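Visitor: Could you choose a single part of this model and take me through it slowly, explaining each term as it comes up?

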Amino acid sequence: MNKLFPFVVLVLLAQFLNAQTAAPMYSIDRGRLIFHENIDKEQKKLYTQPGSYIKGYIPITKDEAFNGQVKYAVLEQVDELQQNIELDSALKDNEKKKYLKGLEIMVRQIGQGTRSRTFSAGLAPEMVKSFEKSVELDRQNKGIDVVVAAQHYWVGKTLVDCFTYPENIGVPASKEILTLKYLKLYPEKTMPFLKTNISYPKRDSLIAAEARREPRKVYDYAAANDALARYIRNHPDSVVKVIAEMASSRSGQLYFPFIDDIYRGKMTFESIDKVKDNNLEYYRLMVKTRMQHTSRMLQKDTPMERKALVERMENKARQFYISQINGLHNSPDPVRFKVLDPLAPHELYYLCVLGEDEIYTSSYRGVFKRIIQKLKGTPTDSLFMTMNFDYFRKFIKMAAAYNELDTLLKLMPDSNATVLMKSFMFGLEKTTTLNTVEDAVDVADAYSSIFEKNKALAGRMMEEARWNYERCQKNGDPNGQKVYFIEKSLFESADSTNKTDISRLLGIPPVYQVPYDRLIDSAGRIIQQVLFYGDEDKDGQNSYSNFMTLFKSKADWAITDNPDFVTIKSTKGKPVWIFANKPLYGEDDPDTKAQAKLKEYLDKNGLEPTIYIHRGHSYHVKSSLEQITPSARIVILGSCGGYNNLNEVLSISADAHIISSKQIGTRTVNEPILNSINTSLRSGKDIDWIPMWGELSKQFTGESKERFDDYIPPYKNLGAIFIKAYRGVEQEQ
């Protein structure tokens, strides 16, 4: 960023604020002075907060035109409205007070809304303009509903709040308009709204629309035992009827993934009944249905609730297949992989891509080996065609990560292998949005693995990234240019000899270091939270016991014990406070209650962790992610680091540095990493990942070195860096 930019912003803000806070050049009636002062106070909050001009409610962006339009509206135009209201001789005192109070409400809500990110500050100019129009209508005793109807929901909502006391004659109609605008803006609120407003006149059309948008939610409400459920069950819409029938059945959850096919008459409840109690046949039916759906999607025919089908496939793949082969990792291959014998290559394919977060390295290699064997010499590219290229980037990424990509490519003609890798890189601009970055993340992660193992292939990927960037430039595609600029920049950074400053190049905070100052709280402490889980196999309890050996009987740490969690505080160097719940096992999830007690303690004492550490099986990761807060700066996922987990962490804390593993975590790696981090922190040093990882690498040999190499440090986590760069992470001031 231009270093002059913050200075220019401060100067401009000072000019705006001085103009706004200076004594007005007109006379204000004493009885209305307080109304003007209240408006002025709300205006000041928009930009001036204690200690900084640019940490008020309105965010300062890099777009100076945007900043100028917003400031002009909320400062100069509001001042002008104040003056016009005060000097208008045709207005009575009470009318002037009403409009001035409305202005105060509007400015306050602009501040609160933008601060909480409920809406963009970009709505502020339209709010001010709409307020002025509404004043004109109100003075003519006309309703403001015509203005509300033409505006964004939050503009209309603010106007209604401004003109409620005394109420404008258009407010009742405006509220009706706003209800529909709200449900259109937030369709996920439709069913909760109808639950408490069952007599709402437009309920039929809302339920029918929601049945097509999110059938799962309608299913859940139809399965209840209340007035809304009964209404849904008698709804005349054809889609709702199918959902209601499912919700009324004990097997509804098993039918639901096939809702689109049942609705279209391609499948019946009876046909599903024949296989629903057989794990193999039910999984096969889901795979077959998914492949039919992907074929339809190629023809621009998108099935309803395809997400539910994939989720059910994923659950079955993990619970029935992957959990078995993972659990038998010490058994001979014929025993370990026997459960896979009936599966065809395309059925094994989905086990890989849907089980990414949980499959062990050895399990993956066993599945991959069986895919190749069952293809019986058929070129491997035929598999992708059979799959309609569903999840093909994920499959290639995993093959690269587990060092099987060369095997995959060599089992197809060279020309086809070249086309496949070109396809791997091509078209990312079509599948990448702020909410869907998985394909681009898979490409970035794949390159990280390929660069270390196949420099020639990595070179070809780099060429493709540059070619696609130029293609998008020629086509005038800004999203494509952004995607491929990030990809090629990440590729360049993987080669340390390039000395690429990826943070500067992509305009994101540092990826190679975490400054010490970003980890401490207002009292200068570093707070860590470690999440343990009690397991029947005692793995969580053993992990906790090993973790505590890092601190017990050591003069550098003091330990305070209580029934639910332990507190560990440094006694030498900088203050580092570590809180870990106990891995309790028994009925009613005692470890969950222990974590809740720990959270309650942290909240009560104003302690915000900046480091979160997950210690447990991969199926516990979701629970750990739910406890991470935006204060997180370092997140250690010792068990897995698939896309979904990375995405979730970065959705909570956009600049978190993530350490993850390609397979199950191990204490022999976890503890040296934690010890190294804590040593730096107690010394008051920044966390500098590259030298730290280099020193850690020297501590491992043999099998433990292989396990360490499965851990991905933040600076090598190209997928996570892609998410940060694509979504944009502002450096804190």
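Guide: What follows is a close look at helix α20 and at the elements around it.

The model is a predicted one, in which local features need pLDDT of at least 70 and side-chain atom pairs count only at pLDDT 80 or more, while totals for chains, interfaces and linings use all residues. Residues are numbered from 1 along each chain as its sequence is written, and side-chain values use heavy atoms, with hydrogens and water left out.

Let us begin with the helix itself. Helix α20 covers residues 345–354; helices here are DSSP runs (H or I, at least four residues, and for strands E, at least two), numbered from the N terminus. Nine of the ten residues of α20 are buried, where buried means under 20% relative accessible area, exposed means over 50% and partly exposed lies in between, with a 1.4 Å probe and protein chains only. The buried ones are P345, E347, L348, Y349, Y350, L351, C352, V353 and L354. The elements that cover them include α17 (279–298), α18, α21 (361–375), α22 (381–386) and α23.

Within this helix, Y350 is a good residue to follow outward. Setting aside neighbours within four places in sequence, Y350 is in contact (heavy atoms within 4.5 Å) with Y283, V287, R290, M291, M313, G355, M387, D390 and Y391. Y350 is also among the residues with the most contacts inside the largest nonpolar core, together with L340, F547 and F722, and that core has 163 residues. A nonpolar core is a set of buried Ala, Val, Leu, Ile, Met, Phe, Trp, Tyr and Cys residues joined through side-chain atoms within 4.5 Å. There is also a second core, separate from this one, with 43 residues, among them I85, L103, V135 and V148.

Next come two of the elements that help to cover α20, namely α18 and α23, and both bring us to salt bridges. A salt bridge is a side-chain nitrogen of Lys or Arg within 4 Å of a carboxyl oxygen of Asp or Glu, and the whole structure has 49 of them. One joins the side chains of E314 and R318, at 3.0 Å from N to O. Both residues sit in helix α18 (residues 306–327), and because they are four residues apart there, about one helical turn separates them. An α-helix has 3.6 residues a turn, so residues three or four places apart point the same way. R318 has 15% relative accessibility and therefore counts as buried, although its side chain carries a charge.

The salt bridge that involves α23 reaches further along the chain. R393 pairs with D439, and their closest N and O atoms are 3.3 Å apart. This pair links distant parts of the chain, since R393 belongs to helix α23 (residues 392–401) and D439 to helix α27 (residues 438–453), 46 residues apart. The two partners are covered to unlike degrees: R393, at 8% relative accessibility, counts as buried, whereas D439, at 24%, counts as partly exposed. Elsewhere in the list of salt bridges, E356, K394, K397, E438, D442 and D445 are linked in a network.

Finally, consider the loop between α22 and α23, where two residues have an unusual feature in their backbone angles. F389 lies in this loop, and its phi is near 60 degrees, a positive value in a residue other than glycine. At 37% relative accessibility, F389 counts as partly exposed. Y391, which we met as a contact of Y350, has its place in the loop between α22 and α23 as well. Its phi is positive too, at about 55 degrees, although Y391 is not a glycine, and with a relative accessible area of 25% Y391 is partly exposed.

To put the pieces together, α20 is a helix with nine of its ten residues buried, covered by elements that include α18 and α23, and through Y350 this helix has a residue among those with the most contacts in the largest nonpolar core.
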